[in-house]
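Let's take a walk through this structure together. Keep the 3D view open as you read, and find each spot as we come to it.

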Amino acid sequence: MMVIQNLRYYLSEHPSIVGFRWSHAQSWGSTWGFLFTSIAAYVAASVFIHLLLLALFRHRRPITLGPIPAVHSLCMALISITIFTGILLSTAAEIRDTRWSWRRSRTTTFQWLLCFPLGTRPSGRVFFWSYIYYLSRFLHALRTFFTILRGRKLSFFKLFNNSILIFTSFLWLEFSQSFQVLAILLTTLVYSVVYGYRFWTAIGLPSACFPFVVNCQVVLLGCNLVCHIGVLLLHLIKGGCNGIGACGFNSVLNGAILLLFLNFYVKMHIRNRKNGGDSGGGRCLAAVKEAEKAVEPVKDKDI
């Protein structure tokens with residue numbers, strides 16, 4: 001019981017969490033200049049390292065990274081679990097403290113999760129964890145450099161996708177965007193599973209007999225797209241949701257990425273059917289290899 005109380009205090013009731021306010025003067029990385037500079041630096045560093053390796057190693061020899069990818073996956077899994085738990089407890093506390101003010105507008109808990117009232121300011125518990133999630137996107141982007149050093153081809157979509165992840169999480173805070181609570185809950189839950197799986201395979205344990213990470217990505221994008229449709233409906237019915245412009249931008253982006261993943265997902269299953277003649281472990285191994293070939297352009301999009 002004491003452990004639960006301490007957990008609740010440090011993840012949702014601590015003064016620094018309750019009193020958090022997104023401010024260009026007080027919050028590190030909260031300015032537009034920092035945002036664009038950091039994204040430009042990330043893209044430039046990725047391209048530079050990629051070109052440097054091509055110049056030094058004509059055959060794209062992979063560089064051994066040792067336990068670094070496994071440690072990164074473990075850290076990201078733990079961070080994701082912490083953010084998920086923190087925003088879950090903080091959301092419950094916010095609902096408890098502000099539910100009385102929803103009576104006039106007849107707003108339900110689910111409606112609040114999808115649609116922040118107009119005039120919502122980026123302060124308080126849930127925005128603290130949204131800020132932590134935003135900062136974690138920079139740590140998440142390190143996977144790009146692991147991919148480059150391992151000798152894989154650097155794709156434009158990889159850079160674009162990671163840059164957009166940083167950009168959209170910044171918009172959540174800057175415009176107090178609706179739906180971000182559910183988005184962070186869904187994303188960190190999937191991240192904790194995916195990075196846990198990556199750590200599992202990185203230390204030499206057996207992998208799944210199907211493209212686990214890609215399946216998780218499709219499920220996450222599908223859930224996000226459905227929730228974005230719900231936000232749009234509530235915006236039209238209730239007379240407005242806060243940050244609807246940023247939410248619309250995210251909806252278009254999620255829809256485009258989902259279509260791309262579904263395209264390769266179909267190709268993956270077509271290839272698997274062609275391998276249907278094998279049996280047992282041979283079929284499993286062949287399915288994994290064919291799936292990896294089919295989703296190679298998207299499987300490392302840094303979910």
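A good place to start is the second largest pocket, which has 12 residues in its lining; Glu 94, Thr 98, Trp 112, Thr 120 and Phe 127 are the ones nearest its centre. Bear in mind that you're looking at a predicted model. Two elements, helix H4 (68-98) and helix H6 (125-140), each give two or more residues to this pocket's lining. The space inside comes to about 190 Å³. As for the character of the lining, six of its residues are nonpolar, four are polar and two are charged.

Now let's turn to the aromatic rings. Searching the whole structure turns up 22 aromatic pairs. Take Phe 116 and Phe 127: their ring centres sit 5.8 Å apart and their planes meet at 50°, so this pair counts as tilted. Phe 116 belongs to the loop between helix H5 (109-114) and H6, while Phe 127 is in helix H6, so the pair ties together parts 11 residues apart in sequence. Are these two rings buried or exposed? Phe 116 has a relative accessible area of 2%, so it is buried, given that the cut-off is under 20%. Phe 127 comes out at 3% and is buried too. You've already met Phe 127, by the way, as one of the residues nearest the centre of the second largest pocket.

Next, look at another aromatic pair, Tyr 133 and Trp 172, which is stacked, with 5.6 Å from centre to centre and 15° between the planes. This one links distant parts of the chain: Tyr 133 is in helix H6 and Trp 172 is in helix H8 (residues 156-174), 39 residues apart. Tyr 133 and Trp 172 are both buried. Tyr 133 has a charged neighbour as well, since Arg 137 lies over its face at 4.5 Å from the ring centre. You can find a similar arrangement at Tyr 195, where Arg 198 lies over the face of the ring, 5.2 Å from its centre.

Finally, step back to the chain as a whole. The unreviewed UniProt entry places the feature "transmembrane region" at residues 32-57, 69-90, 155-173, 179-200, 212-237 and 243-266. What does the chain look like over residues 69-90? That stretch is 100% helix and 0% strand, with its end C-alpha atoms 31 Å apart. Residues 179-200 are 95% helix and 0% strand, and there the end C-alpha atoms are 32 Å apart.

Key
Residues numbered from 1 in each chain as written. Predicted model: local features only at pLDDT ≥ 70, side-chain atom pairs only at ≥ 80, totals over all residues. Heavy atoms only, no water. UniProt positions renumbered as here; feature names shortened; annotations may be inferred. Helix = DSSP H or I, 4+ residues; strand = E, 2+ residues; numbered from the N terminus. 1 Å grid on protein atoms, 1.4 Å probe; cavity = no way out; pocket = protein on both sides within 12 Å on 5 of 7 lines; lining within 4 Å. Points joined across faces, edges and corners; volume = space filled by probe spheres on them. Nonpolar A, V, L, I, M, F, W, Y, C, P; charged D, E, K, R; others polar. Phe/Tyr/Trp six-rings, centres within 6.5 Å; stacked < 30°, edge-to-face > 60°. Buried < 20%, exposed > 50% of the residue type's maximum accessible area, 1.4 Å probe, protein only. Lys NZ or Arg CZ within 6 Å of the ring centre and 35° of its normal.
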